[in-house]
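Reader: I am new to this structure. Please take one part and walk me through it closely, then point me to a few other places.

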Amino acid sequence: MTAMTEHRTFDSLNPATGAVVGTHPVHGAEAVRATVETAADAAVWWRRLGFAGRRARLLTYKSVLARNIGRIAALVNEETGKPHADATLEVVVTVAHLDWAARHARRVLGPRRVFPGLLGVNLAATLEYQPLGTVGVIGPWNYPVFTPMGSIAYALAAGNAVVFKPSELTPGVGVLLADLFAQAVPERDVFQTVTGLGETGAALAGQPGIGKIAFTGSTATAKRVMAACAANLTPIVAECGGKDALIVDHDADLAAAADAAVWGALSNAGQTCVGVERVYVVDAVYDRFMRELTARAREVRAGEHYGPITMPAQVDVIRRHIGEAVAGGRAVIGGPESVRPPYVDPVVVEDVPEDNPAVQEETFGPTITVSRVADAEEALARANATAYGLAGTVFSRSPRRAMELARRMRSGMTAINSVISFAQIPALPFGGVGDSGFGRIHGADGLREFARPKSISRQRFTLPGMNVTTFGRGEAEVDRLVKLVTFLHGRRR
Ligand code: NDP
């Protein structure tokens, strides 16, 4: 952030204790404008470094992050309340993504010759992916390192400068990520963080000179961000929430499926965009699965295995969903009494009707609805019947059947016989369909998301008698072209 006097400040709080973790400036529209201006200069320098120069610096940043895992995790723990070990895992996976983005940018985005086609034999065709300039990243609080870095690392590797607006709940982590980058790349302000509330994010989205906004958060806010971006025709990649389902087929390893359901739904207090919120179990194994599930879920304790609800307002959503689920279905573990802010104990409810808000809307809490289905086809139909489509899970011992179900699941990612495993694989793109958003972070698609294709055709020699893009052409040139096309493409098949 450029030096600037900011009068208003806000505190980030430890959600478990209410203690003040840090005080940060509320950057207003003018500060955001100045930051984006600084980024524009830095972007030119960063772009000119080329792939090799950026790769070296990003690998230095990676090693700085790796050497500071403990420090970063401690701050994540303080600002979100999640266990230190979970915060550590988050940073570890982020380091792997940064490493992949730095090492693969040239291969994915660098110039390559493409075949010009038989009609263009006299041309050389070159494709490359150029940076957008400055990318604005608006991040959430649930994974304040992993989630925004999924955009930041890939945007930087693609040659862009970044201005990051972290959630008002986790500003310290956002500031630390940029500070550590400045240790690795002290020359220019290539990666800056602005802090503040929603208006700071809105100012960033509405700023001219932003090449793209990478947003992670709720679907409702994504729409507001898109509206702000519309003023400057700024494109956006939107990673929104989900209502992800886990399907248990008749031949599944039930112990493994139950373990995955419990971890996928309850870890991080359910505050995971790709967390498990619904489970569909085939009738033949339903009772056995439920025994496995309840035995494990009963062992999980709020405040020990996972932390508090980070955003106080979310407690109301969780309370409402538990109330609706219990009213429409049957509580197996916990119930309304499980809500004891800032903690929510595990809640498992079965037989909740599909039109219940607890089945249709994102809960973002440590709750699971479980439903009995006739077969995997019914499970898939129900899994696909929400407005969201972020990710999902399939448990089956038949690799073919599992792949088929995974392909037909209406989501951007599906894990088979494991949960959320796609997120740790840097080569796999990450993003949703429907209300879960659009565009992709991670992988080659995640690099291309922050670049624009540049196509160049160069004439190497003239084709005698074949030049049709001149007023000097005659009928003979067109005739020759038609003959050639008929020869190449006109054969009966
Ligand atoms: P929001 O969508 O409101 O916030 C996400 C980010 O957008 C934050 O940095 C926020 O800043 C910022 N923001 C808020 N308003 C604006 C605006 N008008 N223009 C630009 N940026 C803005 O999510 P919440 O944190 O309020 O969480 C609400 C729900 O969203 C959760 O309950 C959950 O269902 C879902 N969610 C999904 C996530 C995911 O990973 N897909 C992550 C987080 C939430 P600030 O925090 O300062 O308001």
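Author: This is a predicted model. Start with threonine 170. Threonine 170 lies in a loop. That loop runs between β6 (161-165) and α6 (171-184). Is threonine 170 buried or exposed? Its relative accessible area is 1%, so threonine 170 counts as buried. Buried here means under 20% relative accessible area.

What does threonine 170 touch, once neighbours within four places in sequence are left aside? Its contacts are Glu79, Thr80, Pro140, Trp141 and Pro144.

Next, another loop position. Valine 194 sits in the loop between β7 (191-193) and α7 (198-205). Valine 194 is buried because its relative accessible area is 0%. Take glycine 159 as a reference point. Valine 194 and glycine 159 are 35 residues apart along the chain. Their C-alpha atoms are separated by 20 Å.

Now a residue in a strand. Threonine 367 belongs to strand β16, which covers residues 367-373. Its relative accessibility is 11%, so threonine 367 also counts as buried. Leave out residues up to four places away in sequence, and threonine 367 still has a list of contacts. Ala265 and Leu266 are among them. So are Val276 and Glu277. Ile318, Ile322 and Val347 complete the list.

Then look at a sheet. Three strands form an open sheet in the order β3-β4-β20. The pairing is antiparallel. Which strands stand at the edges? They are β3 and β20 (451-459). Each has a single partner strand, so one side of each is left without a neighbour in the sheet. From one strand to the next, the twist averages 30°.

Look closer at one pair in this sheet. β4 and β20 are joined over nine bridges, in the antiparallel sense. To place yourself in β20, find serine 457. Alanine 125 stands opposite serine 457.

Finish at the surface, beside the same part of the chain. Leucine 118 is in the loop between β3 (112-114) and β4 (123-131). Which residues make the nonpolar surface patch? Leu118 does so together with Phe115 and Val121. The patch is about 320 Å².

To retrace the route, begin again at threonine 170, buried in its loop at 1%. Go on to valine 194, buried at 0%. Then come to threonine 367 in β16. End at the β3-β4-β20 sheet and the patch made by Phe115, Leu118 and Val121.

Terms used: Residues are numbered from 1 along each chain as its sequence is written. This is a predicted model: local features need pLDDT of at least 70, side-chain atom pairs count only at pLDDT 80 or more; totals for chains, interfaces and linings use all residues. Side-chain values use heavy atoms; hydrogens and water are left out. Patches are made of residues with over 30% relative accessible area and no salt bridge: like charges are joined within 9 Å, nonpolar side chains (Val, Leu, Ile, Met, Phe, Trp, Tyr) within 5 Å. Accessible areas come from the Shrake-Rupley method with a 1.4 Å probe; for residues, only the protein chains shown count as cover. A salt bridge is a side-chain nitrogen of Lys or Arg within 4 Å of a carboxyl oxygen of Asp or Glu. Helices (H or I, at least four residues) and strands (E, at least two) are DSSP runs, numbered from the N terminus. Buried means under 20% relative accessible area, exposed over 50%, partly exposed in between (1.4 Å probe, protein chains only). Contact means heavy atoms within 4.5 Å. Two strands pair if DSSP finds at least two bridges between them. Axes are lines fitted to C-alpha atoms, for helices over the stretch in contact, and angles run from 0 to 180 degrees between N-to-C directions.
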